Amino acid sequence: MITRDLSIARDHLQRGEIIGLPTETVYGLAGNAFDAAAVQKIYSIKKRPATNPLIVHVGSIAQAETFVTEFPDPLRKLAEHFWPGPLTLLLKKSDHIPDVVTAGSDRVAIRIPDHPLTLELLNQLDFPLVAPSANPYTKISPTRAEEVEAYFGEEVPVVLQGGACEKGLESTIVGYEDDQVVVYRLGSLTVEQLEAVTDNIRIKNRDNPSVLAPGMAKKHYSPQTPLSLVDNTQAFLDAHPDQRIGVFLTGEENPDEIAPVFYARLQHLDKSGYDRLIASYFPEKGLGRTLNDRLRRAGEY
Ligand code: TXA
Ligand code: MG
């Protein structure tokens, strides 16, 4: 059921059930972060390995403070500047956070999402919510309530209707190592936006294929239709007259306009019966950098 009724969402969560919920980035599969059984259920519904930890969503900085033992000044400054918003901070966790949430790590990922319904819900609950993106493991992230329902059906009986996600790409994950602000996942908050508030930033995009064993990274965000990354759209079309090719992106679009519709467009083209989809990279700056990261992980190399 897709509903706008917060009390239905709240009742389900209080009973230890999992719901779909909107954020400004992508939809999440949410459950009570303090309830180990609920957290387990998310891993199992998503078919996600238990070694891949979940982000804890809270309603205020004060609440976040209670779940961490350290809050380095540069990260606090980022939190004050960008929360609520598409920034996830990796911080040393306190004992309040069950190990199942962090997959045994001593650091917890935390953010305050910027969506009015979800913020209201978080402030009505007396527990935080874990919420990974609401897609089966390796599938395209959903940016609309209807996509969550289509993915999971009765396995997720309630999806809170919050409209299309405003940002459309996941949050940017940031931590602190050796006196440096480290970006672990490029996201909706750009490196340039971070740089305007703090200096000494290192990009250590864990999922960047160049730093992983070949073949691992392409398992994320994949369409069923093969996606090829090409330098020249027209040249590729001319060289493959026998194939039905869907042009996803030419690289000439405005990244700020593409970001909110990136996943929805990929989802749509994936279901349109093409033999192959093609896309080109954007200039490596702003949201173009994040889009390129998602393209690398969705495409074949
Ligand atoms: O925008 C977002 O962040 C969305 C919305 C729903 O908030 N959530 C999201 O969650 O993208 P998920 O689970 O799809 O991606 C979270 C990423 C994973 O790559 C996970 O490995 C990493 O964050 N992560 C979570 N907790 C971590 C931890 N304690 N240490 C290291 N990485 C962590
Ligand atoms: Mg995800």
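**View 1. Thr172 and its surroundings in the predicted model.** In this predicted model, Thr172 touches Pro86, Leu87, Thr88, Val183, Arg185, Leu186, Gly187, Ser188, Leu189 and Leu194, once residues up to four places away in sequence are set aside. Thr172 itself sits in strand 9, which covers residues 172-177. With a relative accessible area of 2%, Thr172 counts as buried, because the cut-off for that label is under 20%. One of its neighbours also makes a polar contact: the side chain of Thr172 reaches the backbone nitrogen of Ser188 at 3.4 Å.

**View 2. Pro86, in a loop.** Here we're looking at Pro86, found in the loop that links helix 4 (73-82) and strand 5 (87-92). Is Pro86 buried or exposed? Pro86 is buried, and its relative accessible area comes out at 9%. Skipping neighbours within four places in sequence, the residues in contact with Pro86 are Glu24, Thr25, Arg111, Lys167, Ser171, Thr172, Ser188 and Leu189. So the Thr172 of the previous view turns up again here, in contact with Pro86. For a sense of the fold around this loop residue, pick out Ile112: Pro86 and Ile112 are 26 residues apart in sequence, yet their C-alpha atoms are 8.0 Å apart in space.

**View 3. Ligand 1 and the residues around it.** There are 22 residues around ligand 1, and those that come nearest are Thr25, Asn52, His57, Arg107 and Ser171. Sorted by class, the shell has 10 nonpolar, six polar and six charged residues. Three side chains are worth picking out for their polar contacts with ligand oxygens. An N or O atom in the side chain of Asn52 is 2.5 Å from an oxygen atom of ligand 1. For Ser133, a polar side-chain atom lies 2.9 Å from a ligand 1 oxygen, and for Arg185 the distance from a polar side-chain atom to an oxygen of ligand 1 is 3.0 Å. How much of ligand 1 does the protein bury? Taken alone, ligand 1 exposes 670 Å², and the protein buries 92% of that. Strand 4 (55-57) and strand 6 (107-111) are the elements that give two or more residues to the shell. Strand 6 supplies the largest share, with four residues.

**View 4. Strand 6 between its two partners.** Zoom in on strand 6 and you'll find that four of its five residues are buried, so this strand is largely enclosed by the rest of the structure. Strand 4 and strand 6 run parallel and are joined by three bridges. In that pairing, Val56 stands opposite Ile110, while Ile55 has Ala109 as its bridge partner. Strand 5 and strand 6, by contrast, run antiparallel, with four bridges joining them. Leu91 stands opposite Val108 in strand 6. As a reminder when tracing these strands, side chains in a regular strand alternate between the two faces of the sheet.

**View 5. The sheet as a whole.** Stepping back from strand 6, you can follow 11 strands that form an open sheet with mixed pairing, in the order 1-8-2-3-7-4-6-5-9-10-11. Which strands stand at the edges? They are strand 1 (2-3) and strand 11 (201-203), and each has a single partner strand, so one side of each is left without a neighbour in the sheet.

**View 6. Helix 11 and what covers it.** Helix 11, residues 262-270, is mostly covered, with seven of its nine residues buried. The buried ones are Phe262, Tyr263, Ala264, Leu266, Gln267, Leu269 and Asp270. The cover over these residues includes helix 7 (145-152), strand 13 (245-249), helix 10 (255-258), strand 14 (276-279) and helix 12 (287-298).

**View 7. Ile245 in strand 13.** Strand 13, part of the cover over helix 11, is also where Ile245 is located. Ile245 has a relative accessible area of 14% and is buried. Leaving out neighbours within four places in sequence, Ile245 is in contact with Phe236, Leu237, His240, Tyr274, Arg276 and Ile278. Take Ile278 from that group: Ile245 and Ile278 are 33 residues apart along the chain, and 7.1 Å separates their C-alpha atoms.

Notes. Residues are numbered from 1 along each chain as its sequence is written. Chains are lettered from A and ligands numbered from 1 in the order in which they are written. This is a predicted model: local features need pLDDT of at least 70, side-chain atom pairs count only at pLDDT 80 or more; totals for chains, interfaces and linings use all residues. Side-chain values use heavy atoms; hydrogens and water are left out. A residue is near a molecule or strand if one of its heavy atoms lies within 4 Å of it. A polar contact is a pair of N or O atoms within 3.5 Å; within protein, one must be able to donate a hydrogen and the other to accept it, and residues adjacent in sequence count only if both atoms are side-chain atoms. Accessible areas come from the Shrake-Rupley method with a 1.4 Å probe; for residues, only the protein chains shown count as cover. Ala, Val, Leu, Ile, Met, Phe, Trp, Tyr, Cys and Pro count as nonpolar, Asp, Glu, Lys and Arg as charged, and the others, Gly among them, as polar. Buried means under 20% relative accessible area, exposed over 50%, partly exposed in between (1.4 Å probe, protein chains only). Contact means heavy atoms within 4.5 Å. Two strands pair if DSSP finds at least two bridges between them.
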